[in-house]
Amino acid sequence: MKRRSFIVSTGVTTVGVPLAARAAAAEASGSVKTAGPKATAVTLKINGREHAMTIEPRVTLLDAIRDYAGLTGTKKGCDQGTCGACTVMVNGRRVDSCLTLAMMHEHDEITTIEGLASGAALSPLQAAFIEHDGFQCGFCTPGQIVSATAMMSEGHALDEQTVRTQMSGNICRCGCYPHIVDAILSTAKSS
Amino acid sequence: MNPFTFARTDSVGAALNAARRLPRARFVAGGTNILDLMKDDVERPEALIDINALPLRAVEMRDGDLFIGALARLSDVAANAAVRRNFPAIAIALDESASPQLRNMASIGGNVLQRTRCPYFRDVATPCNKRDPGSGCGALHGVNRMQAVLGTSDACIAAHASDLAVALVALDAVVHVARRDGTRDVPLRRFYRLPGTAPQDEHEMEPGELILGITVPALAFAARSTYVKARDRAQYEFALASAAVALDVHDGTVRAARIALGGVGTIPWHAPQAEAMLADAPATRASYERAADVALDGARGYGQNDFKIPLAKRVLIRALETAAG
C-alpha cells in the first residue's frame with residue numbers, strides 16, 4: 001500500500017440508509033477512500049520514473065511536477081487553463097496540468113518536456129523548434145512542444161490551418177506562431 | 001485554494017453516499033471548471049469527490065438514440081463517428097469549445113453544469129447575486145459586453161457559457177440524474193432555471209445528485225443539424241452569439257425545425273416560437289429572417305452588449321441557411 005494514510009472506509013454504504021434508498025444502496029458495493037486535508041503520501045509516475053511525495057489534496061498536477069518532483073521544465077503561466085504553458089501528457093493525451101489535481105493521477109503515465117528527448121538526443125520536434133527558431137523568450141515553449149507532440153500523434157499536423165486550430169490552446173505572447181507552425185509541419189512531413 | 005478532503009469513489013452508489021456523508025462536498029471529474037473557481041475563492045467546497053473511476057464513459061447509439069455517459073470527455077464525443085454522422089451540431093459545438101487540452105479533460109456532465117464566465121461572478125471583490133445572493137449585480141450597469149440579452153432579470157444578466165448545451169437543447173436531450181432513491185430523467189429544456197430573483201438556483205439538480213449521462217433522442221433530420229458560433233477570436237473563445245439548428249426540408253419547404261441560441265441567454269436558449277414559425281414555411285432567406293426576429297423577440301441589451309441582438313439574428317440566419325444546404 002503506497003497510500004498508508006488513506007482511511008479506507010468500506011461499509012459506509014448501508015449504515016443509516018432508509019429502506020427506500022436500498023435501490024441505490026444495492027449498487028453501492030464500492031468504496032470511498034478519503035485523504036487530506038492534511039498532506040498524504042502520493043506517488044506519481046512521470047517520464048517513466050516514480051516520484052514519491054507528500055502533498056495536500058489541493059496541490060495541482062502542475063505544482064506537484066514542478067515543486068515536488070522538481071521538474072521545472074513545465075511552466076506556470078496563467079494557472080487557469082488559458083495559456084497552455086503547463087501542458088503535459090497524461091496517458092498520451094495533452095492536458096493543462098494547472099486544472100487537475102495531482103491526486104487524480106496516481107496511476108497515470110505522465111509525460112513532461114523532460115521526457116521527450118532520448119538521453120542527449122532531442123526529439124525531432126525539439127530539434128525542429130531550434131532549426132526554425134520557434135521561440136523568443138521560451139516560456140511557452142515546453143507547453144508548445146508537448147502539445148504539438150500530442151497533436152501529431154492525434155493526426156492533426158496536416159496543414160497550416162489545421163495546425164493553427166489544433167494548437168489554439170497554447171498562447172505565445174512573443175508571437176512566434178509562424179515559426180512554430182513551420183517546426184511542426186516540417187517534423188510531420190519528415191516523420 | 002482552501003484545504004479540502006479528497007474522496008475517491010468507484011461506484012455510483014459509493015459516490016452518492018460520499019456526497020451525503022461529507023459536508024459541503026462537490027463532485028469532480030475533469031476539474032477544469034471547479035478547480036479554476038476554487039483558486040479564485042468563488043467555490044469553497046470542504047470535500048471533492050473524485051468520480052473518474054465510475055463506469056460512465058460510454059458514447060453509443062441505442063436504437064437510434066445517442067447515449068453519452070457523464071464522464072465521456074468532450075474530445076471523445078467530438079471524435080465519435082456516430083455523433084458526427086447523426087448529430088453533427090453536437091460534434092461542431094464540441095470542436096468549437098475551449099482548447100484541445102481542455103476538451104481532453106472536461107466531462108460532458110461537467111460541461112452542462114459549468115458556471116458562468118461573468119467577470120463579476122468570478123471576482124469575489126465585486127457584487128454578484130449568483131455568487132453572494134443579495135449583494136447586487138455588478139454587470140447590470142458595469143462591463144456587460146459579454147452578458148446575456150435573453151432571460152435576464154434585474155438580479156442577474158450572466159450569460160450561460162456552454163456550446164454543447166445549446167446543441168443538446170435544440171435536439172431535446174434528456175439528462176439522467178442519480179439520487180439516493182433511484183434515478184430520474186430531466187429534459188434539458190426544463191433543466192436550467194432563469195435567474196429571476198434567485199440567480200444562485202441555476203438548474204434542477206439537488207445537492208447530492210449526480211448526472212449519469214445524457215440521451216439525445218433519435219431524429220432523422222438531425223443528420224442535417226449544424227452549429228454556428230461567432231466570437232472574438234477564431235478559436236478558443238466563448239460565444240458572442242451562437243445557434244444550433246436542425247432543419248427538415250423537402251421540396252423547398254421546411255417541415256420541421258429545431259433551434260437554440262447560445263451566448264445570448266442566461267440559460268441555453270430554446271426558441272420554440274421560431275421553430276413553429278418555420279414549420280411549413282418556404283425554405284427561403286425571408287423565412288429565416290422572420291424566424292430570427294421571433295427568436296430574439298423580447299431581447300434586451302444593457303449598453304455594451306446591444307450588438308448581440310442583431311448579431312444573434314445573423315448567426316441564426318447563417319445556421320438555418322447552412323442546415324438547409
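## Sheets, helices and a shared edge in a two-chain model

In chain B, V174(B) finds its bridge partner in strand β7(B), at P187(B). This pair is a good place to start a tour of the structure, which is a predicted model. The two residues belong to a longer ladder: strand β6 of chain B, residues 174-179, is joined to β7(B) by six bridges, and the two strands run antiparallel.

The ladder is part of an open sheet of five strands in chain B, arranged in the order β4-β5-β8-β6-β7 with antiparallel pairing. At its edges stand β4 (59-62) and β7 (182-187) of chain B, each of which pairs on one side only. Direction ignored, neighbouring strands of this sheet are turned by 25° against each other on average. As a general reminder, strands of a sheet pair through backbone hydrogen bonds, in either a parallel or an antiparallel fashion. A helix also meets this sheet: α1 of chain B, residues 12-21, lies across β6 and β8 (210-216) of chain B and runs at about 130° to β8(B).

A second open sheet in chain B has four strands, in the order β9-β10-β11-β12, and its pairing is antiparallel. The edge positions are held by β9 (225-230) and β12 (269-270) of chain B; each has a single partner strand, so one side of each is left without a neighbour in the sheet. Inside the sheet, strand β10 of chain B (residues 241-250) pairs with β11(B) over nine bridges, again in the antiparallel sense. One of the links to β11(B) can be followed by eye, since the bridge partner of L247(B) there is A257(B).

Helices lie across this second sheet too. Helix α5 of chain B, residues 88-95, crosses β9 and β10 of chain B, running at about 25° to β9(B). Helix α11(B) lies across β9, β10 and β11 of chain B, at about 35° to β10(B).

Helix α10 of chain B (residues 285-295) offers a clear view of how a helix can turn one face inward. Its buried residues are Y288(B), A291(B), A292(B), V294(B) and A295(B). Seen down the axis of α10(B), these buried residues fall within an arc of 160°, so they line one face of the helix. In general, an α-helix has 3.6 residues a turn, so residues three or four places apart point the same way. The cover over the buried residues of α10(B) includes β11 (253-262), α9 (272-278) and α11 (308-324) of chain B.

The next stop is the meeting of the two chains. Here 36 residues of chain B are in contact with 41 residues of chain A. On the side of chain B that touches chain A, at least two residues each are supplied by β1, α1, α2 (34-39), β3 (47-50) and α6 (100-105) of chain B. The most comes from α1(B), which gives seven residues. By character, the residues on this side of chain B divide into 15 nonpolar, 13 polar and eight charged.

Strand pairing also reaches across the chain boundary. Strand β2 of chain A, residues 32-35, is joined to β1(B) by four bridges, and these strands run antiparallel. Among the residues involved, T34(A) has A7(B) as its bridge partner in β1(B). A7(B) sits in strand β1 of chain B, residues 5-9. With 27 other C-beta atoms within 10 Å, A7(B) is buried. Beyond its neighbours within four places in sequence, A7(B) is in contact with V32(A), K33(A), T34(A), A18(B), L22(B), A47(B), I49(B) and D50(B). One of these, A18(B), is 11 residues from A7(B) in sequence and 7.6 Å away in space, C-alpha to C-alpha.

Chain A itself contains six helices and seven strands. Along the sequence they follow the pattern β-α-β-β-β-α-β-β-β-α-α-α-α. Of its 191 residues, 45% count as buried. Among contacts in chain A with a separation of 6 or more, 56% are between residues 24 or more positions apart.

The domain assignment of chain A gives domain 1 (40-115) and domain 2 (124-190). Their C-alpha centres lie 21 Å apart. The contact draws 15 residues from domain 1 of chain A and 12 residues from domain 2 of chain A. On the domain 1 side, β5 (87-90) and β6 (93-96) of chain A are the elements that give two or more residues, and the largest share, three residues, comes from β5(A). The residues on that side of domain 1 of chain A comprise six nonpolar, six polar and three charged.

Methods. Residues are numbered from 1 along each chain as its sequence is written. Chains are lettered from A and ligands numbered from 1 in the order in which they are written. This is a predicted model: local features need pLDDT of at least 70, side-chain atom pairs count only at pLDDT 80 or more; totals for chains, interfaces and linings use all residues. Domain bounds come from an automatic or database domain assignment. Two residues are in contact if their C-beta atoms, placed from the backbone, lie within 7 Å. Ala, Val, Leu, Ile, Met, Phe, Trp, Tyr, Cys and Pro count as nonpolar, Asp, Glu, Lys and Arg as charged, and the others, Gly among them, as polar. A residue is buried if 20 or more other C-beta atoms lie within 10 Å of its own, exposed if 12 or fewer, and partly exposed in between; C-beta atoms are placed from the backbone. Two strands pair if DSSP finds at least two bridges between them. Axes are lines fitted to C-alpha atoms, for helices over the stretch in contact, and angles run from 0 to 180 degrees between N-to-C directions. The arc is that of the directions from the helix axis to the C-beta atoms.
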